[in-house]
Amino acid sequence: MRVEQIAVFLENKSGRLAEITRILAENDINIRALSVADTADFGILRLIVDKVDLAKETLRAGGFTVGKTNVVAVEVPDRAGGLASVLEVVHEAGLNVEYMYAFVNRSGTNAVLIFRFDEMDKAIAMLQEKGFVLLTGQQICAL
Amino acid sequence: MMWVEEIETLPRSGLESIQLKRLQALVHRMYDKVAPYRAKMDAVGVKPGDIRSLADLRKLPFTTKDDLRDNYPFGLFATPMDDVIRVHASSGTTGKSTVVGYTQADIDLWASVMARCLTMAGVTKGDMVHNAYGYGLFTGGLGAHYGIEALGATVIPMSGGNSKRQVTIMRDFGSTVLLSTPSYALNLADAMVDAGVRTEELKLRVGIHGAEPWSMNMREEVERKLGIRAVDIYGLSEIIGPGVAMECLHSERGMHILEDNFLPEIIDPDTLEPLPYGETGELVFTTLTKEAFPLIRYRTKDISRLFLEPCGCGRTLIRMEKVMGRTDDMLIIRGVNVFPSQVEHVLMGIDGVEPHYQIEVTRDGSLDVMSVLVEVSENIFSDEIKVLENLTKKIQAEIKDMLGVTCKVKLVEPRSIQRSEGKAQRVIDRRTI
């Protein structure tokens, strides 16, 4: 129950994000979710897209450093306490969140939380055991 | 004033006959005692007896930094280690230092050439000399120190660093002469401003600056900010350290070479042919009087010019122009010699790092700042910030470890480093020299 995520190295200079989105648009690749992590000198763009391999190939051909990693997507009701319920489980299990981001799906009833944990297998097992809904990449694209 | 007037004002013919006598003795000694150099002479079929005039110098093989490295650490010493009383070392191209040795006579010689240089800058025994060159393996601190003592002036052995304390001591002790790298002199000027010390409170009169390239603009800045006359000194550890050549207070351009000890040539770095006076090329030195570590035709890689026109001070010694650059890619960062190959060596030692890098040198205020740009390959890329940050810290620490220079490490996108004619441009020096 993992979702493939694309990570792209961003040098801190103007026009880089625009260049990435241009390449994705030209190749008819749809972005489902994204986050940018930044430091003073560089950034990392993380993307969940409908065509992972094509995105990786075309961005790489465009001169970018691209990585593919696995993340966990948890679907929770879009209401107060939705995220808290997940993080409580994570904390109790002694897991660490390396980073996370979130989006609300089209119907507006559920939110999708994207996590990168230090111990992915343990996290998946724990969340499933507690009855959380984990989405696949295909399911995210179908939302 | 001169320290040894009878030598410094000799007519050329008198000086040249001293040089020839010393050169002939040197070549015999090298042939007898230094096997690697004997092998070089044998390879080109030159015997010590073939050196009959100074013009015959060109028959002798060159010595290069590679020779020093190949014979690391003591392989080129001409005396038994029992006679060597001190060693110094400077950074080498791939982590191996360049090691030099001195007998008691060499130390005395060094003190005397340094005293002669100080005298050229008007320093006398009445002076309080603030020596801010680094003490240690680097030749700057101790080389200057012994010269100041030989002159009979008072030396304050400050070494580098702790600028605030330097300023306090300079004011309280009444330092009249400052010895430091030019960039450190500017650093001290800033520290004075920070400490609220005005130049009128100081007794500083003259600054003697070397060990790194500096421009005329920088000289004016040093003179203005410290309220002193700033002069240039030249030296390199292989030849002896500071004390090879010195600008006098009369010279409009260039430094007098103490050529009764250090015989200079200018060569074309491509054809290796000696060039006439006035032409620009690579500076080459033969040490005429050193015992432990003499060198014949050592290629300094420094680009300069020699000229014989008489100087207002009355010295007949040949002068060399301010060094205009290097024939190799050596950088001098805050007085430390840095070769791009050393940086490459560090990068290649880190798992996954590809040799796509660039060194950018800038000046922040008066301090040199070295940034190392490293292209992020997929091998080292991560979706986690901390992994990339740890990588930059690791590179920074290893460069500091190897070179003794703190640098900034900047990760850049692949293929963003300029490549000219398919070859990467390794160094971008944005300092205005």
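How far apart do the C-alpha centres of domain 1 of chain A and domain 2 of chain A lie? They lie 22 Å apart. This is a predicted model. The report starts with the domains, moves to the contact between chains, and ends with local details of chain B.

## Domains of the two chains

Chain A splits into domain 1, residues 3-68, and domain 2, residues 70-142. Where these domains meet, domain 1 of chain A gives 9 residues and domain 2 of chain A gives 13 residues. On the domain 1 side, β1 and β2 (31-38) of chain A each provide at least two residues. The largest share of that side, 4 residues, belongs to β2(A). By class, the side of domain 1 of chain A that touches domain 2 of chain A has 4 nonpolar, 2 polar and 3 charged residues.

Chain B is also divided, into domain 1 (5-328) and domain 2 (332-429). The C-alpha centres of these two domains are 31 Å apart. Their contact involves 13 residues of domain 1 of chain B and 15 residues of domain 2 of chain B. Helix α8 (residues 182-195) of chain B makes the largest contribution to the domain 1 side, with 4 residues. That side of domain 1 of chain B divides into 3 nonpolar, 8 polar and 2 charged residues.

## Where the chains meet

The contact between the chains takes 19 residues from chain A and 17 residues from chain B. Four strands of chain A each supply at least two residues of its side: β1 (3-11), β3 (42-49), β4 (66-77) and β5 (97-104). The largest share, 4 residues, comes from β1(A). The side of chain A that touches chain B holds 8 nonpolar, 6 polar and 5 charged residues.

The table sets out the class make-up of the three sides described so far.

| Side | Nonpolar | Polar | Charged |
|---|---|---|---|
| Chain A, touching chain B | 8 residues | 6 residues | 5 residues |
| Domain 1 of chain A, touching domain 2 of chain A | 4 residues | 2 residues | 3 residues |
| Domain 1 of chain B, touching domain 2 of chain B | 3 residues | 8 residues | 2 residues |

## Chain B as a whole

Chain B has 11 helices and 23 strands. Along the principal axes, its C-alpha atoms fill a box of roughly 75 × 60 × 45 Å. Its radius of gyration is 23 Å, which agrees with the value near 22 Å for a compact globule of 433 residues. Buried residues make up 43% of the 433 residues in chain B. Among contacts in chain B with a separation of 6 or more, 67% join residues 24 or more positions apart.

## A helix with two faces

Helix α3 (residues 35-44) of chain B has buried residues at B:Tyr37, B:Lys40 and B:Met41. These residues lie on the same side of α3(B) because they cover an arc of only 95 degrees around the axis. An α-helix has 3.6 residues a turn, so residues three or four places apart point the same way. On the face turned away from the buried side are the exposed residues B:Ala39, B:Asp42 and B:Ala43. The cover over the buried residues of α3(B) includes α2 (12-33) of chain B. Just after α3(B), B:Gly45 takes a positive phi of about 70 degrees.

## Strand β18 and its partners

Strand β18 (residues 357-364) of chain B runs antiparallel to strand β19 (residues 367-375) of chain B, and 8 bridges join them. In this pair, B:Thr362 stands opposite B:Val369. The hairpin of β18(B) and β19(B) has 2 residues between the strands, and B:Gly365 there takes a positive phi near 65 degrees.

β18(B) also pairs with strand β23 (residues 427-429) of chain B. These two strands run parallel and share 3 bridges. Here B:Glu360 stands opposite B:Ile428.

## B:Val412

B:Val412 is found in strand β20 (residues 407-412) of chain B. Is B:Val412 buried or exposed? B:Val412 is buried, because 21 other C-beta atoms lie within 10 Å, and the cut-off for a buried residue is 20 or more.

Leaving aside neighbours within four places in sequence, the contacts of B:Val412 include A:Glu11 in chain A. Within chain B, they include B:Leu373, B:Val374, B:Glu375, B:Val376 and B:Ile417. B:Gly14 is 398 residues away from B:Val412 in sequence. The two are 61 Å apart in space, C-alpha to C-alpha.

Technical notes:
Residues are numbered from 1 along each chain as its sequence is written. Chains are lettered from A and ligands numbered from 1 in the order in which they are written. This is a predicted model: local features need pLDDT of at least 70, side-chain atom pairs count only at pLDDT 80 or more; totals for chains, interfaces and linings use all residues. Two strands pair if DSSP finds at least two bridges between them. A residue is buried if 20 or more other C-beta atoms lie within 10 Å of its own, exposed if 12 or fewer, and partly exposed in between; C-beta atoms are placed from the backbone. The arc is that of the directions from the helix axis to the C-beta atoms. Two residues are in contact if their C-beta atoms, placed from the backbone, lie within 7 Å. Ala, Val, Leu, Ile, Met, Phe, Trp, Tyr, Cys and Pro count as nonpolar, Asp, Glu, Lys and Arg as charged, and the others, Gly among them, as polar. Domain bounds come from an automatic or database domain assignment. The radius of gyration is taken over C-alpha atoms; the globule rule is 2.2 Å times the number of residues to the power 0.38.
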